[in-house]
Amino acid sequence: MAAVVVLSGCSGGGEGDSGAKASSSPSAVSPDPEVTVEEPVYAAGPEGDIDRLADEEGWVVDDLYESASEFVADICDSLPDSGAGGVSRPQWLAESGNFDGDGEDVLRAGIPKLCPKWSKALTEAVSGDYERWFGSGTFLVSSKSPTAAQLEGDEDVQTIPPGTYRAAGSMKDCYWERTSESGEIVDNNFATSARAITVTIASSDGQFTSRGCAVWKPV
């Protein structure tokens with residue numbers, strides 16, 4: 001009769017068992033380092049005051065400028081020559097897109113600091129009560145801004161209020177024309193050489209056209 005031999009294996013729980021896996025404790029998570037938010041540094045002087053106020057108020061200027069003070073400085077530099085385009089300085093401020101978005105707020109805060117001599121022009125522009133000048137072009141005769149119907153298909157439509165206007169300066173080959181609403185010529189003149197011309201635009205006129213003349217200013 002054959003003997004049956006039973007071999008018992010070694011248990012894996014003993015010390016020194018090379019196959020045993022050491023238990024590992026969860027790795028400690030170090031706290032996030034404290035995040036430091038740097039405060040903006042503003043230049044000393046009025047430029048810094050403008051930029052600080054703009055940040056406090058949340059004012060945003062055109063992407064063309066790196067800061068609110070840079071925008072104001074550019075407008076201050078442009079104001080002396082703004083009349084060369086045939087418009088008064090308050091008219092240029094109000095009608096050339098400078099007040100778009102937060103532009104009006106920034107300029108109201110900045111012009112008195114960087115170029116206070118133009119504060120009066122700014123006040124007139126903000127109030128809307130300013131003198132309008134007119135250069136070359138064709139203008140609808142109206143005391144009001146152009147309507148949506150008048151602007152349809154032509155965003156460059158401009159209006160001129162009825163009244164008396166004077167163009168002064170050295171003018172050569174200056175042509176002006178008043179027409180009815182149907183386009184018929186009411187009055188016109190071609191000046192090969194002139195120093196001053198005065199024209200009265202009636203409320204019944206439809207359009208006023210000027211080419212090659214000086215800037216027309218209300219009398």
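These legends go with a set of close-up views of one predicted model.

**Figure 1. The whole chain, before we zoom in.** Six helices and six strands make up the protein chain. Read from the N terminus, the order is α-α-α-α-α-β-α-β-β-β-β-β. Of the 219 residues in the chain, 31% count as buried. Take the contacts with a separation of 6 or more: 61% of them join residues 24 or more positions apart.

**Figure 2. How confident is the predictor, and where?** What is the mean pLDDT of the protein chain? The value is 85, and 78% of the residues reach 70 or more. Among the elements, helix H4 has the highest mean pLDDT, at 98, and helix H6 (residues 148-151) has the lowest, at 52. Over residues 1-24, pLDDT stays under 50. For that stretch the model has two contacts beyond four places in sequence.

**Figure 3. Inside the largest nonpolar core.** This core has 22 residues. The residues with the most contacts inside it are Phe71, Val72, Ile75, Leu79, Leu93, Leu107 and Ile111. Which elements give two or more residues to this core? They are helix H1 (46-57), helix H2 (68-78), H3, helix H4 (103-114) and helix H5 (119-127). H2 gives the most, with five residues. In soluble globular proteins, nonpolar side chains tend to be buried together.

**Figure 4. Val72 and its partners, plus another core.** Skip the neighbours within four places in sequence, and Val72 is in contact with Ile50, Val106, Leu107, Gly110, Ile111 and Leu114. Apart from the core around Val72 lies another one, of 18 residues. Its members include Phe139, Ala167, Trp176 and Ile197.

**Figure 5. H1 against H2.** The two helices pack at an angle of about 125°, and their axes are 8 Å apart. Is that parallel or oblique? With that angle, H1 counts as oblique to H2. On the H1 side, the contact is made by Glu47, Ile50, Asp51 and Ala54. H2 brings Ala68, Ser69 and Val72.

**Figure 6. H1 against H4.** Here the axes come within 10 Å and cross at roughly 170°. An angle over 145 degrees counts as roughly antiparallel, so that is the label for H1 and H4. From H1, the residues in the contact are Pro46, Glu47, Asp49, Ile50 and Leu53. From H4, they are Ala109, Gly110, Lys113 and Leu114.

**Figure 7. Gln91, a buried residue in H3.** Gln91 lies in helix H3, which covers residues 89-95. Why does Gln91 count as buried? Its relative accessibility is 3%, and the cut-off for buried is under 20%. The side chain of Gln91 reaches the backbone nitrogen of Trp133 at 2.7 Å. Leaving out residues up to four places away in sequence, Gln91 touches Ser96, Tyr130, Glu131, Arg132 and Trp133.

**Figure 8. Thr123 on helix H5.** Thr123 is found in helix H5. Is Thr123 buried or exposed? Its relative accessible area is 53%, so Thr123 is exposed. Arg108 sits 15 residues from Thr123 in sequence, and their C-alpha atoms are 8.3 Å apart in space.

**Figure 9. Asp173 and its backbone angle.** Asp173 is found in strand E3, residues 163-179. The phi of Asp173 is near 55°, a positive value in a residue other than glycine. With a relative accessible area of 47%, Asp173 is partly exposed.

**Figure 10. Two spots on strand E4.** Ile185 and Thr198 are shown here; Ile185 lies in strand E4, and Thr198 has its place in E4 too, which runs over residues 185-201. What does Ile185 contact, leaving aside its neighbours within four places in sequence? The partners are Tyr175, Glu177, Arg178 and Thr179. The C-alpha atoms of Ile185 and Gly206 are separated by 9.8 Å, with their positions 21 residues apart along the chain. For Thr198, again leaving aside neighbours within four places, the contacts are Thr164, Tyr165 and Arg166. Pro218 is 20 residues from Thr198 along the chain, and their C-alpha atoms are separated by 9.6 Å.

Technical notes. Residues numbered from 1 in each chain as written. Predicted model: local features only at pLDDT ≥ 70, side-chain atom pairs only at ≥ 80, totals over all residues. Heavy atoms only, no water. Helix = DSSP H or I, 4+ residues; strand = E, 2+ residues; numbered from the N terminus. Buried < 20%, exposed > 50% of the residue type's maximum accessible area, 1.4 Å probe, protein only. Polar contact = N/O pair within 3.5 Å; in protein donor to acceptor, adjacent residues only side chain to side chain. Contact = heavy atoms within 4.5 Å. Core = buried A, V, L, I, M, F, W, Y, C linked by side-chain atoms within 4.5 Å. pLDDT = per-residue confidence, 0-100. Axes fitted to C-alpha atoms, helices over the stretch in contact; angles between N-to-C directions. Parallel < 35°, antiparallel > 145°, perpendicular 65-115°, else oblique.
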